[in-house]
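Student: Could you zoom in on one part of this model for me and walk me through what sits around it? Once that spot is clear, please keep going and link it to the rest of the fold.

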Amino acid sequence: MFRSLRERNYRYYASGQVVSLTGTWMQRAAQDWLVLELSGGSPAALGVAVALQFLPTLALTLWAGVFADRFDKRKILIVTQSALGLCGFALGTLDVTGIVALWHVYALCFVLGCFSAVDAPVRQSFVVEMVGPAQLTNAVALNSMTFNLARIVGPAIAGVAITAIGTGWVFLANGLSSVAVVAGLLLMDASLLQKAKAVGRERGQLRAGLRYVRGRPDLVVVMVLMFSVSTFGMNFESTFAVIARNVFHHDADGYGILITMLAVGTLTGATLAARRSAKPGSRLRLMLIGAGVFGALEAVAGVMPSYWLFAVVLIPVGIAVMTFTTSANSTVQLAVDPTMRGRVMGLYMLLFMGGKPLGGLASGWLAEVFGPRWPVLLGGLLSLAAAVGGAVALSQQRKRGLIQPLG
């Protein structure tokens, strides 16, 4: 299950990620809580913060994929990860000194989003260079385990820390945690990286990547399904603070517990994916099942009558969503030409994160007008519908011989 850790460079990377991602999740929880405090508990203000953080994805992620195919991915990541840490230091300083205003948070959400938009496709396409194609599925699953371990620990620490010392110190801690991942990248042995052939500078490289995906019907279905589920289904976390505060009347620690329960599920799902990674099987089929089950369970969570029932249902929700995202990620990366991987993953991350502004604004509006439960309920139903639509589309493509059977 941990065979990717045999690779020296990946060990450095994963070790730094554990620390850095813990800080990231601490900041996310603290940022949501700070926005609610500064806005008087407004779900719409929280939606605006989410939208601003993910809006740069629309403009920058595709070009970041081009850069990933042309330049040294490790050096790009050193720059982006350093910048993300500085954003944490900036927000923490403003908060600790007591001069923070809502517009400060909005502005830093946007700046953070700019660097995240560049970082995401480069980071995704860098994994295969550390471990090679044979270990990619396992490494993707281990990355998800790292991400969700941090997702458990980070919000839990943040919930206690916000109550004890305030949100500002949480932001500063996140800035400090970025040192770990930058150090891991600097300590790597570049000669051990399995780099794809660098793509020279040419006109139309971005369009070439888009044409490549358009000519692959199976990739088109995966991309559309990812956009639908991430936009409408996976924005539920932005409503957790509102549900904890306004529906179940819990403080920051209660909000942290909700994120932690979801993370227990996603960590479990990532662990199962790592164990499955060496076994043969259809990743497309697993992706569709994961998306459909996730949508159904999320809709069920939206109608749970009590805080603890809502929290418990989040565990299987997390298992299902991780099954979907892990299988979708590895399907795309293993299906593409190495010289196109950066651009394809740029499009993948654009669709994965680019719908967040729309989803964040829609979730905030639904929570404001109809109540905090509605974004969760409708997001689940729309995700289920997208999974069914994706299965039908892939079945039709299989009958026409455009893709291989689903296994």
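**Starting at A252**

Tutor: Leaving out residues up to four places away in sequence, A252 touches W33, G159, I162 and T163, where contact means heavy atoms within 4.5 Å. Before we go on, this is a predicted model, so local features need pLDDT of at least 70 and side-chain atom pairs count only at pLDDT 80 or more, while totals for chains, interfaces and linings use all residues. Numbering starts from 1 along each chain as its sequence is written, and side-chain values use heavy atoms, with hydrogens and water left out.

Back to our alanine. A252 lies in helix α11; helices here are DSSP runs of H or I with at least four residues, strands are E runs of at least two, and both are numbered from the N terminus. With 5% relative accessibility, A252 counts as buried. The cut-offs are under 20% relative accessible area for buried, over 50% for exposed, and partly exposed in between, using a 1.4 Å probe on protein chains only. For a sense of distance, D69 is 183 residues from A252 along the chain, and their C-alpha atoms are separated by 42 Å.

Now step back into the loop between α10 (237-247) and α11 (252-276), where you'll find H249. Its phi is near 60°, a positive value in a residue other than glycine. H249 is exposed, at 64% relative accessible area, whereas A252 is buried.

Next door in sequence, F248 belongs to one aromatic cluster together with Y307, W308 and F310. Rings of Phe, Tyr and Trp (its six-membered ring) pair if their centres lie within 6.5 Å; planes under 30 degrees apart make a stacked pair, over 60 an edge-to-face pair, and the rest are tilted. From the helix that runs over residues 307-335, α13, let's pick out V312. V312 is partly exposed, with 46% relative accessible area. It sits 54 residues from L258 in sequence, yet the two are 8.8 Å apart in space, C-alpha to C-alpha.

While we're on rings, the structure holds 8 aromatic pairs. One of them joins Y10 and Y13, a tilted pair at 6.1 Å centre to centre with 35° between the planes. The two tyrosines are 3 residues apart in helix α1 (residues 8-39), so about one helical turn separates them. Both are tucked away: Y10 is buried at 0% relative accessible area, and Y13 is buried at 4%. Compare Y348 and F352, whose ring centres are 6.3 Å apart with planes at 25°, so that pair is stacked. These two are 4 residues apart in helix α14 (residues 341-354), which again puts about one helical turn between them. Y348 is buried too, at 2% relative accessibility.

There's another residue in α1 to look at, N9. N9 counts as buried at 2% relative accessibility. Leaving aside neighbours within four places in sequence, it is in contact with M130, M188, D189, L192 and L193. One more ring to point out: R28 lies over the face of W25, at 4.6 Å from the ring centre. The rule there asks for NZ of Lys or CZ of Arg within 6 Å of the ring centre and within 35 degrees of the ring normal.

For a look at helix packing, try α3 (residues 56-70) and α5 (residues 102-131): their axes come within 8 Å and cross at roughly 35°. Axes are lines fitted to C-alpha atoms, for helices over the stretch in contact, with angles from 0 to 180 degrees between N-to-C directions. The crossing of α3 past α5 is right-handed, meaning that the near helix is turned clockwise from the far one by less than a right angle (anticlockwise would be left-handed). Residues of α3 in this contact include L60, A64 and A68, and those of α5 include F110, C114 and V118.

That brings us to the cysteines. Disulfides come to 0, the test being a pair of cysteine sulfur atoms within 2.5 Å. For C87, the closest cysteine sulfur is in C114, and at 8.9 Å it is too far for a bond. For C109, the closest is in C87, and 9.6 Å is too far as well. C87 is buried at 7% relative accessibility, and C109 is buried at 1%.
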